[in-house]
Amino acid sequence: MRARPAVRLLRLGRLAYAESLAAQERCVGRQRAAAGPGPGPGPGPGAAGWLLLSEPAGPVYTRGLRGAPEPAAEERRLRALGAEFRRAARGGLLTFHGPGQLLAYPVLDLRRLGLSLRAYVGALEAAALGLCRRLGLPAAAARPPPYTGVWLRGRKLCAVGVHCGRHITSHGLALNCCTDLTWFDHIVPCGLEGTGVTSLSEELQRHVTVDEITEPFLDAFEEVFQCTLTSHEESMG
């Protein structure tokens, strides 16, 4: 039987969004260095990558690579609400990140996992769906583009936006646990008019924290990606 690839798990906890991006970029650099130059078949034995988990410490609106950038006046309007505004090197349009939201950013060598980019996005959705099933929400479902992500009763529970360069992924998914959903009222999330957002707390009618769902999410991630997560603690400086 083929051994499962190892993926290093890095639990960043609650921290500023910019710090989680910086940690992600360091992992991307390390994974690219391990993969070596050129478009070859990929690295030999070793970790297939990293999985970074975090919870944003404060509210931030982020803009992906797709479409025209927001006018300066729109950025000022969003900042005036008390949130940061940042551009992110991922697919997708404008969305919100904040406390009560799980950010799962896999930095993976898709060659090691034998996945196309399309299959990888589907696997991210499947991991979130696996969590929903574990929590008793079997009605959660993925939808075809442009409705990428996980939905319940016509409202988005989990957003997915990724980047892939030289077979190495970054960014990933944002899952609303106990997020203050009123922050989404000030934008058109992901550019999808007429759709709403929801959270695990709203769907389960109780307070659901990021800490509570982390372990079942990790179980679902290992199941879908057929990998072994290994806890990794080190200075990311």
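Two strands are said to pair if DSSP finds at least two bridges between them. With that idea in hand, the reader can turn to the structure above, which is a predicted model, and look at how strand E3, made of residues 60-63, pairs with E5 in the antiparallel sense over four bridges. One of the residues involved is Val-60, whose bridge partner in E5 is His-97.

This pairing belongs to a wider arrangement, because three strands form an open sheet here, and their order across it is E4-E3-E5, with pairing that is mixed. The edges of the sheet are strand E4, which covers 84-87, and strand E5, which covers 94-97, and each of these edge strands pairs on one side only. Neighbouring strands of the sheet are turned against each other by 25 degrees on average, if direction is ignored.

A helix accompanies these strands: helix H2, formed by residues 72-80, lies across E3, E4 and E5, and runs at about 135 degrees to E4.

From this part one can step back to the protein chain, which has six helices and 12 strands. Of the 237 residues in the protein chain, 51% are buried, where buried means under 20% relative accessible area. The accessible surface of the protein chain comes to about 10700 Å², and 54% of that surface belongs to carbon and sulfur atoms. Finally, if one takes the contacts in the protein chain between residues at least 6 apart in sequence, 77% of them join residues at least 24 apart.

How values were computed:
Residues numbered from 1 in each chain as written. Predicted model: local features only at pLDDT ≥ 70, side-chain atom pairs only at ≥ 80, totals over all residues. Heavy atoms only, no water. Helix = DSSP H or I, 4+ residues; strand = E, 2+ residues; numbered from the N terminus. Axes fitted to C-alpha atoms, helices over the stretch in contact; angles between N-to-C directions. Contact = heavy atoms within 4.5 Å. Buried < 20%, exposed > 50% of the residue type's maximum accessible area, 1.4 Å probe, protein only. Areas by Shrake-Rupley, 256 points an atom, 1.4 Å probe, with all protein chains shown as cover.
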